Amino acid sequence: MAALFEAYITNLGKYNEGELVGETLRFPTSPQAMEALLKNIGVDGIRYEEFFITSFDGDVLGLYDYLGEYENLDELNHLACLLSEMPPDDLAKFEAALHIGAHTSSVADIINLVENLDCFEFYPEIESEEDLGRYYAEDLPIPDGLKDYFDYEAYGRDISINEGGHLAPGGYIVQTSNDFKEFYHGTEDIPKEHRVFALPRLSIREQMATYQEVIDRSSLEADRAHPETGREGR
């Protein structure tokens with residue numbers, strides 16, 4: 001599968017210590033790629049357990065306006081898998097639907113938006129209110145001699161307002177059905193093949209070295225918190 005978007009995953013513990021340690025993860029991804037990335041940035045479930053997303057990038061127009069730094073990585077991968085299965089026309093329709101902003105409060109909302117694109121009509125050839133007015137005016141009995149004097153832009157503006165349509169970067173979109181269904185309820189609905197999150201599997205030697213590092217660090221922090229008092233001079 002070709003990558004649709006990517007996220008820069010950052011080790012939260014290292015970040016709090018003043019060090020930026022992170023790596024780019026491309027979606028859709030695999031459990032193997034996920035484990036390798038977390039291991040590379042030091043998130044092993046022992047020394048460091050938490051991470052956050054510093055930034056997003058990719059080819060899905062408008063998606064990153066609705067994604068935050070603590071998104072669930074399995075949900076992001078599920079979304080990416082659904083988008084990767086779309087033909088280009090449907091993906092353009094999804095980008096336009098995102099522009100409406102009505103079903104974008106969470107990744108779960110966006111997943112449901114993907115599953116409800118049949119509730120929308122999309123017109124990629126319409127790029128302005130004038131285009132919209134001309135499209136709808138085709139059904140009006142306007143005499144040929146008056147067509148050059150008709151205010152298509154104002155007519156298109158009224159249509160857009162009346163039907164709640166939106167001029168998105170890729171065309172004109174309008175929601176034509178209120179039968180919006182909640183197909184996705186939470187991470188329990190993610191198919192097994194779309195689940196990718198797993199902490200790195202460490203060898204016994206790696207585990208021992210990691211635990212020793214934790215012990216050494218704790219001892220060092222304790223020494224710093226309680227410095228040895230020097231002897232008083234006589």
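1. G58, in strand 3, is partly exposed in this predicted model, with a relative accessibility of 32%. That value lies between the 20% limit for buried residues and the 50% limit for exposed ones, so the intermediate class applies. Beyond its neighbours within four places in sequence, G58 is in contact with L4, F5 and Y64. L4 is 54 residues away from G58 along the chain, yet the two C-alpha atoms are 5.9 Å apart.

2. The overall architecture may be stated next. The protein chain contains eight helices and six strands, and their order along the sequence is β-α-β-α-β-α-α-α-β-α-α-β-β-α. Of the 234 residues in the protein chain, 36% are buried. The exposed surface of the protein chain is about 14200 Å², of which carbon and sulfur atoms supply 47%. Among contacts in the protein chain with a separation of 6 or more, 66% join residues that are 24 or more positions apart.

3. The largest nonpolar core deserves attention. It comprises 45 residues, and I9, L76, L83 and F94 have the most contacts inside it. Two or more residues are given to this core by each of the following: strand 1 (5–11), strand 2 (22–27), helix 2 (31–40), strand 3 (51–58), helix 3 (73–84), helix 4 (88–100), helix 5 (107–115) and strand 4 (120–123). In soluble globular proteins, nonpolar side chains tend to be buried together. L76 is in contact with F5, F27, I53, F56, L67, E71 and V107, when its neighbours within four places in sequence are left aside.

4. Another core, of six residues, lies apart from the largest one, and its members include I126, L132, I159 and Y172. L132 and I159 also belong to the contact between helix 6 and helix 7, which is treated in the next point.

5. How do the axes of helix 6 and helix 7 cross? Helix 6 (residues 129–137) and helix 7 (residues 152–163) have axes that come within 7 Å and cross at roughly 85 degrees. Helix 6 is therefore roughly perpendicular to helix 7, because the angle falls in the range of 65 to 115 degrees. From helix 6, the residues that take part are E129, E130, L132, G133, R134, Y136 and A137, and they meet Y152, E153, Y155, G156, R157, I159, S160 and E163 of helix 7. By class, the residues of this contact divide into six nonpolar, three polar and six charged.

6. G171 belongs to strand 6. Is this residue buried or exposed? The relative accessible area of G171 is 1%, so the residue is buried. Not counting residues up to four places away in sequence, G171 touches F122, Y123, P124, I126 and H166; I126 is one of the residues of the six-residue core. The C-alpha atoms of G171 and L132 are 9.9 Å apart, with their positions 39 residues apart in sequence.

7. I100 lies in helix 4 and counts as partly exposed, at 22% relative accessibility. Its contacts, leaving aside neighbours within four places in sequence, are F120, H166 and I173. H166 is thus a contact of I100 and is likewise touched by G171. The C-alpha atoms of I100 and V174 are separated by 8.8 Å, although the two residues are 74 residues apart along the chain.

8. H194 is found in the loop between strand 6 (171–175) and helix 8 (204–225). Despite this loop position, H194 is buried, with a relative accessible area of 8%. Apart from residues up to four places away in sequence, H194 touches D74, N77, H78, C81 and E85.

9. Which peptide bond is cis, with omega near 0 degrees? The bond from F27 to P28 has this geometry. P28 is placed in the loop between strand 2 and helix 2, while F27 is among the contacts of L76. Most peptide bonds are trans.

10. N40 has its place in helix 2. At 51% relative accessibility, N40 counts as exposed, since the limit for that class is 50%. N40 and N11 are 29 residues apart along the chain, and 9.9 Å separates their C-alpha atoms.

Methods:
Residues numbered from 1 in each chain as written. Predicted model: local features only at pLDDT ≥ 70, side-chain atom pairs only at ≥ 80, totals over all residues. Heavy atoms only, no water. Axes fitted to C-alpha atoms, helices over the stretch in contact; angles between N-to-C directions. Helix = DSSP H or I, 4+ residues; strand = E, 2+ residues; numbered from the N terminus. Parallel < 35°, antiparallel > 145°, perpendicular 65-115°, else oblique. Contact = heavy atoms within 4.5 Å. Nonpolar A, V, L, I, M, F, W, Y, C, P; charged D, E, K, R; others polar. Buried < 20%, exposed > 50% of the residue type's maximum accessible area, 1.4 Å probe, protein only. Core = buried A, V, L, I, M, F, W, Y, C linked by side-chain atoms within 4.5 Å. Areas by Shrake-Rupley, 256 points an atom, 1.4 Å probe, with all protein chains shown as cover.
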